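Biologist: Before we talk about any feature, could you put the sequence and the structure up, so that I can learn how to read them with you?

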Amino acid sequence: ASVTREELFRSRHSLSVSGTSKSKMLCSTSTDSQATSVNGSNSEEFFINGKSYIGDKWRAKMGGEALINFFVDMDKWCAKEKQVQETLNFRTHLYTHSMGSWVLQNMAEKLRKKHFNNMAFKFGVVAMVQANATPELFKKQSKPFKNSGTKIGQLGKMVVVTYTARDETLKLFSEQKVSMKLFGNQDLGRVGPGDVSHLNNMRVYDASIILPGLESSKYHDFGDDSRFVALMKNEFRMVRESTGLR
């Protein structure tokens, strides 16, 4: 049976909203607001407590499986229903912030070539904002489908990555020996992805340049800054125009 536009957004595939851009988005974490208050002798307890950063990292790792299931369901749904495809394809954006990008990285590590065969669904913009993920994620490799960053690029029309050396929260995370031992370097959002010239659908922004004048403590969580919202809306607009969407 055909599905109305209103029914689409009442369905189990409805997406949660993060930030203020009013676009359909996924993946965020509340751990970061806690982390900014960690200091001195309490920091080690914060990072090894199962209810805090390390615990969240393990749970987020498992969340990659759930994101694959969502993507596969969307692809099957769009392949089956043309009206659904016209409504959701390139119009649905994936926004990940901080540890949400770790969820996306773990999703990409589990994706296989079969997931990309005859894709009926693609995100419009895949955003990784101040990612708590590995800086080597988008490194060029000889076998693209073994490279998680290349697979992330296949998921959407455009990939947007922000970073800044002024991100104090990611700096705090990178200094924790327990975290480094378990997960390795996780400050993509602080040092940037490096050379991405081999990826033709990726834009990288230095947050300290596009958002000058922020307090240092704000350079990890600036999703509600009007300048950043305007930038993301422009990315959505460019995707619409490049795909012929109204």
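**Reading helices, salt bridges and strands**

Modeller: Let us start in helix α12 (residues 226-243), where Glu241 and Arg237 are four residues apart and therefore separated by about one helical turn. Please keep in mind throughout that this is a predicted model.

Biologist: Why do residues three or four places apart in an α-helix point the same way?

Modeller: An α-helix has 3.6 residues a turn, so residues at such a spacing point the same way. Side chains of opposite charge can, in general, pair when their charged atoms come close. In this model the side chains of Glu241 and Arg237 do meet in a salt bridge, with 2.8 Å from N to O. Glu241 is exposed, since its relative accessible area is 52%, whereas Arg237, at 31%, counts as partly exposed.

Biologist: How many salt bridges does the structure hold, and which residue forms one with Asp56?

Modeller: The structure holds seven salt bridges. Asp56 forms one with Arg59, the closest N and O atoms being 2.7 Å apart, and these two residues both lie in helix α4, three residues apart, which is about one turn of the helix. Asp56 has a relative accessibility of 17% and so counts as buried, the cut-off being under 20%, while Arg59, at 41%, counts as partly exposed. Another of the salt bridges joins Glu86 to Lys82, with the closest N and O atoms 3.6 Å apart; both residues lie in helix α5 (residues 82-88), four residues apart. There, Lys82 is exposed because its relative accessible area is 59%, and Glu86, at 46%, counts as partly exposed.

Biologist: What span should helix α4 have, given its 28 residues, and where is its kink centred?

Modeller: The idea is to compare an expected rise with the distance between the two ends. At 1.5 Å a residue, helix α4 (residues 53-80) should span 40 Å, and its end C-alpha atoms are 40 Å apart, which agrees. There is nevertheless a kink of about 25° in α4, centred on Met62.

Biologist: Turning to the strands, in which sense does β3 pair with β2, and is β3 mostly covered or uncovered?

Modeller: For strands, one follows the bridges from each to its neighbour. Strand β2 (residues 123-129) pairs with β3 in the parallel sense over six bridges, and β3 pairs with strand β4 (residues 202-206), again in the parallel sense, over five bridges. Val161 in β3 is the bridge partner of Met128, and the bridge partner of Val161 in β4 is Val204. Strand β3 (residues 156-163) is mostly covered, six of its eight residues being buried.

How values were computed
Residues numbered from 1 in each chain as written. Predicted model: local features only at pLDDT ≥ 70, side-chain atom pairs only at ≥ 80, totals over all residues. Heavy atoms only, no water. Expected span 1.5 Å × (residues − 1). Bend = angle between axes of the 7 residues up to and from the residue. Buried < 20%, exposed > 50% of the residue type's maximum accessible area, 1.4 Å probe, protein only. Pairing = 2+ DSSP bridges. Salt bridge = Lys/Arg side-chain N within 4 Å of Asp/Glu carboxyl O.
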